[in-house]
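Here are my notes on the model you sent. They cover its voids, one helix pair and the confidence scores.

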Amino acid sequence: MKKNISLAILAIVLLVLPLLFQSRYTQHILNMILIYVMLGISVNLIFGYIGALTLGQAAFFGIGAYTAAIISTKLGLSFLPCVLCSAVMGCLAGFIIGIPTLRLKGPYFAIATIGLNNIICIIFLNWEHLTGGAVGISGIPYASILGLQFDTERKVYFLLLVSVFLIFLLYRNMISSHYGKVMIAVRDNELAASAMGIDTAKVKVIVLAISTTIAAIAGAYYAHITNYVAPDAFPVMESITFLIIIVLGGAGFKYGPIYGAVVVVILNEYLQYFEQFNMLIYGVLIMILLLFLPSGIAGIVEIAKAKYYEKKKIYYLKEVGIDEMK
Amino acid sequence: MDIVLTIEDVSKNFGGISAVKNLSIEVEKNKILSIIGPNGAGKTTVFNLLTGFYKPDKGRFRYGELDITGFPPHKVADIGIARTFQNIKIFPWMTALDNVLVARQLRERTGLFRSMFRTAGLIKKESSSADKAMEILKHFHIADKFDFQAKNLSYGDQRKLEMARALATEPKILLLDEPTAGMNSNESEECVRVIYNIKDKLGITIILIEHDMNIVMHVSDKVVVLDHGEKIAEGNPGDVQKDKAVIKAYLGEEFIAYAENQ
């Protein structure tokens, strides 16, 4: 009952939020947060729950964005088919890349994904008649569903909110099911997991494919919101930003992507005021935050929750990364 | 005599060192077979070969009629061979119950897409799976600690949890790698009772690696002695104890005469 009330309040706040801010700029920030939540979910699945450190998620984000851009401008398909095509492309790319690379362990996988990210960027840059080269593709139409045009930041917000909600729901169901426990088992001890009859290679590849599908869907939304894609939007640095979101928000925690996206997007935007010092301050802030919150914001929330439910402490601490509680 | 598992002339080298050499063992159904030998004799290597963690250089493993040589670990578990590890390999951050639930997935696959959409069938299946997992924990007397994080359990309980998890895969053959290591005498006594229960009540064949000779001599139907990767003796516990090669391997040449005088 108490939970239902707090959920209702949260829903009202989320629905009213864009109406409180009149400036287009603030509404744009809200939209970026929602896109980054999708990307955070995507990275959390593969890094937080499977333990494969990915530094190439922007490649899949880009594949989704370019697929939607090409299909909508060259074939003239509408928004929903574009999102579907992007999702399929992201999923295929995940399988094709996951099968050879997920055999690699730890840092080797991370390096392979950096290489992948660079290759994809070079393809975007050089396959000119398809991707428009360095100029990119412009004139991507606004998203529209059943004649309803999402042509203002405020309308886009509601479209994104519904989409993020649906993706979050599937993601939450997945990680809180027994299948989610299998994922954590693969992360915590791959040998033991395989001795329990789990085909660890298969689990990893499937989860990577789901993760890349979500990244590609985020890409399709991005293309339709900005009406423009260019290769410089998907560098390795962007992949690192996705990773920062999840490390800061709490890797392997359900709500990690949400906390992380809110903090990172707002930080990024407000640090613009410091002009040339912005990356310096950003870097130092991230270091300080990680020094004091090694398990991310979600870790602190879990510890607070555990203190609140003192009796059920161990139950609430069962998720990763909060060893220092003892 | 009903043979469930045959190890046929298996060899494994690491670099120039032969860890297991021309080893042949027949495992009888519903019996306890112990593998003993000094440190570094290749006992755990035999388990790793059998469960697919290593590939043998030579030789075959037969499970009934089925040739399982070269099966990957998850397939070995699937056909009904489960194992525990010498250095405990539980999932430390999960609760005791979740540890067992992971193993239940082998027999009660819930499927990814059903999980994503959280269908009614899934909820039902997951709750029945959880009930079964609780039952297995009860069997090992750790049901009251089901919501403890596995890493917070006592050492003895962790070993029990590992056995519970192996049993949850519904094996026909259970490989136990030093199940009583690090337990006090009360705990190991209880552990022995549990091993008997697994054999008698569940009809599971057990292969045991154990250093505690009291336990080995007490529980085993057959003992195989390894030294430097080779089988030096095989037979019932009484015979093996008197075997000269065994005494030599464990204590050295000079003790043979001493043992004969006893």
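1. Two helices of chain A, α2 (24-49) and α10 (200-226), each supply at least two residues of the lining of the largest cavity. This is a predicted model, so read every point below as computed from it. Of the helices, α2(A) gives the most to this lining, with four residues.

2. The residues that line the largest cavity are A:His28, A:Asn31, A:Met32, A:Ile35, A:Tyr222, A:Ile225 and A:Thr226. By class, four of them are nonpolar and three are polar. No charged residue lines the largest cavity.

3. What volume does the largest cavity have? The value is about 40 Å³. Searching the whole structure with a threshold of 30 Å³ or more turns up five cavities.

4. The second largest pocket is a separate item. Its volume is about 670 Å³. Its lining counts 27 residues. Nearest the centre of this pocket lie A:Ala87, A:Ile167, A:Leu170, A:Thr213 and A:Ile217.

5. Which elements build the lining of the second largest pocket? In chain A, α4 (79-101), α7 and α10 each supply at least two residues. Chain B takes part too: α4 (112-117) of chain B also supplies at least two. The largest share comes from α7(A), with eight residues. Note that α10 of chain A serves this pocket and also the largest cavity.

6. The class count for the second largest pocket is 25 nonpolar and two polar residues. Charged residues are absent from its lining.

7. Now the helix pair. Helix α7 (residues 153-176) of chain A packs against helix α8 (residues 178-188) of chain A at an angle of about 70°. Their axes are 4 Å apart. Angles of 65 to 115 degrees count as roughly perpendicular, and α7(A) and α8(A) are therefore roughly perpendicular to each other.

8. Which residues make the contact between these two helices? From α7(A) come A:Met174, A:Ile175 and A:Ser176. From α8(A) come A:His178, A:Tyr179, A:Gly180 and A:Met183. By class, the contact has four nonpolar and three polar residues, and no charged ones.

9. Last, confidence. Chain A averages a pLDDT of 88. In chain A, 94% of the residues score at least 70. Over residues 313-326 of chain A, though, the pLDDT is below 50. Beyond near neighbours in sequence, that stretch still has 48 contacts in the model.

Technical notes: Residues numbered from 1 in each chain as written. Chains lettered and ligands numbered in written order. Predicted model: local features only at pLDDT ≥ 70, side-chain atom pairs only at ≥ 80, totals over all residues. Heavy atoms only, no water. pLDDT = per-residue confidence, 0-100. Contact = heavy atoms within 4.5 Å. Axes fitted to C-alpha atoms, helices over the stretch in contact; angles between N-to-C directions. Parallel < 35°, antiparallel > 145°, perpendicular 65-115°, else oblique. Nonpolar A, V, L, I, M, F, W, Y, C, P; charged D, E, K, R; others polar. 1 Å grid on protein atoms, 1.4 Å probe; cavity = no way out; pocket = protein on both sides within 12 Å on 5 of 7 lines; lining within 4 Å. Points joined across faces, edges and corners; volume = space filled by probe spheres on them.
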